[in-house]
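Biologist: I should like to go through this structure with you and ask, at each step, what justifies the words that are used for it. Please show the sequence and the structure before we begin.

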Amino acid sequence: MVMNSTVNEFILFGLTQDPRKQKAIFGVFLMLYLATLLGNFLIVVTIKRSRTLGSPMYFFLFYLSFADACLSTTISPRLIVDAISQRKTISYKECMAQVFTGHFFGCTEIFVLIVMAFDRYVAICKPLRYTTIMNRHVCSVLVILGWVGSCIHSSAQIVLALRLPFCGPNVIDHYFCDLQPLLKLACMDTYVINLLVVSNSGAICTVSFIILLISYVIILYSLRNYSAEGRRKALSTCTSHFIVVVLFFGPCIFIYTRPATTFPVDKVVAVFYTTGAPLLNPLIYTLRNAEVKNAMKKLWCNKV
């Protein structure tokens, strides 16, 4: 493995270099980050403490919210601090750590979304066998497999990142460390490594999105045999899931399935899956879910 020995730190360009816009970015993203932590914290604690949210769907939602909070914490604090800092530097080791943790929690979210779609498929298409198939042991195994798969994916990413030699330029045209902007700084032919990135991150995003689309098509097809009330309830749940899927996978596919090219819009697109999705997931799953809203009211009103 080739280890970098020339560059000890990188400079993050950020979203903009305009001082006035940077102040606005600091305020806006600080509020978004705090709202993300608060929303996901409320869901995690509510599901953990509520006796009415014991179904597999909420078991997986617990881990989705946890992954959202961790993903946001991996990216947002650096962006917020750099917006008001004169020296926007990140050490080589911190940069590599951000590559690993960002991909780890991002991939965890992907696997949890797939498992949640499988849970909805079983609940709607095989309702009589649902409790047998989706028992607590199976749910725990699925979550563990998701964590293991995420670890394998992020380990592969960090191995590729550690093989990149940096000989001089150290300004990353982004607001966080990722392989695509790092490839532009490497003093070597990165064609093969870029193909590996696309076959790893790009394939995971694209294949997972296709699997999710197929699952929703099957679910919608199965709803033809349901009553009007049953279809309405099932569609409400699946619509929430599908909104989350589009918000997260659309930007990911745009970023990670391309050849070694970057566009100015990449940083704005990345905001959707690093900040937007973790913020909106709690809102989508609570505003469109009466059970979660009622559980929150009972738990937190009693606390007050």
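Modeller: In this predicted model, helix α7 bends by about 35° at alanine 203.

Biologist: What makes about 35° the bend of α7 at alanine 203?

Modeller: The bend at a residue is the angle between axes fitted to the seven residues ending there and the seven starting there. For alanine 203 in α7 that angle is about 35°.

Biologist: How do you know what span to expect for α7, and what does the helix reach?

Modeller: The expected span is 1.5 Å times one less than the number of residues. Helix α7 covers residues 191-222 and has 32 residues, for which 46 Å is expected. From its first C-alpha to its last, α7 reaches 45 Å, which is close to that value.

Biologist: Let us turn to the salt bridges. Why is the contact of arginine 78 with glutamate 94 called a salt bridge?

Modeller: The term requires a side-chain nitrogen of Lys or Arg within 4 Å of a carboxyl oxygen of Asp or Glu. In arginine 78 and glutamate 94 the closest N and O atoms are 3.5 Å apart, and the pair therefore qualifies.

Biologist: What does this pair tie together?

Modeller: Arginine 78 lies in helix α2 and glutamate 94 in helix α3 (residues 92-125), so the pair ties together parts that are 16 residues apart in sequence.

Biologist: Which salt bridge does arginine 78 form with an aspartate?

Modeller: Arginine 78 forms a salt bridge with aspartate 82, with 4.0 Å between the closest N and O atoms. Both residues belong to helix α2 (residues 56-83), where they are four residues apart, about one turn of the helix. Arg78, Asp82 and Glu94 are thus linked in a network of salt bridges.

Biologist: Why is aspartate 82 called buried, while arginine 78 and glutamate 94 are not?

Modeller: Buried means under 20% relative accessible area, and exposed means over 50%. Aspartate 82 has 7%, so it is buried. Arginine 78 has 22% and is therefore partly exposed. Glutamate 94, at 41%, is partly exposed because its value lies between the two limits.

Biologist: What is the class of leucine 34, and why?

Modeller: Leucine 34 has a relative accessible area of 49%, and because exposed means over 50%, it counts as partly exposed. Leucine 34 has its place in helix α1. Its C-alpha atom is separated by 9.9 Å from that of serine 76, 42 residues apart along the chain.

Biologist: What makes aspartate 119 and arginine 120 a salt bridge?

Modeller: Their side chains meet at 2.8 Å, N to O, and because the limit is 4 Å the pair meets the definition. Both aspartate 119 and arginine 120 are buried. A search of the whole structure finds five salt bridges.

Biologist: We now come to the spaces inside the model. What makes a space a cavity, and how many are found?

Modeller: A cavity is a set of points where a 1.4 Å probe fits but cannot get out. The search of the whole structure finds four cavities of 30 Å³ or more. The largest cavity has a volume of about 230 Å³. It is lined by 21 residues, and those closest to its centre are Gly102, His103, Gly106, Tyr256 and Tyr273.

Biologist: Which helix gives the most to the lining of the largest cavity, and what classes of residue are found there?

Modeller: Helix α3 gives the most, with seven residues. By class, the lining has 13 nonpolar, seven polar and one charged residues.

Biologist: What is known of the second largest cavity?

Modeller: About 70 Å³ of space lies in the second largest cavity. Its lining includes Leu79, Asp82 and Lys88. Helix α2 gives the most to this lining, with three residues.

Biologist: Why would a space be called a pocket rather than a cavity?

Modeller: A pocket is an open set of points, whereas a cavity is one from which the probe cannot get out. The second largest pocket has a volume of about 200 Å³. It is lined by 17 residues, of which Asp173, His174, Thr262, Phe263 and Asp266 lie nearest its centre. The largest share of this lining, four residues, comes from α9. By class, the lining has seven nonpolar, four polar and six charged residues.

Conventions
Residues numbered from 1 in each chain as written. Predicted model: local features only at pLDDT ≥ 70, side-chain atom pairs only at ≥ 80, totals over all residues. Heavy atoms only, no water. Helix = DSSP H or I, 4+ residues; strand = E, 2+ residues; numbered from the N terminus. Buried < 20%, exposed > 50% of the residue type's maximum accessible area, 1.4 Å probe, protein only. 1 Å grid on protein atoms, 1.4 Å probe; cavity = no way out; pocket = protein on both sides within 12 Å on 5 of 7 lines; lining within 4 Å. Points joined across faces, edges and corners; volume = space filled by probe spheres on them. Nonpolar A, V, L, I, M, F, W, Y, C, P; charged D, E, K, R; others polar.
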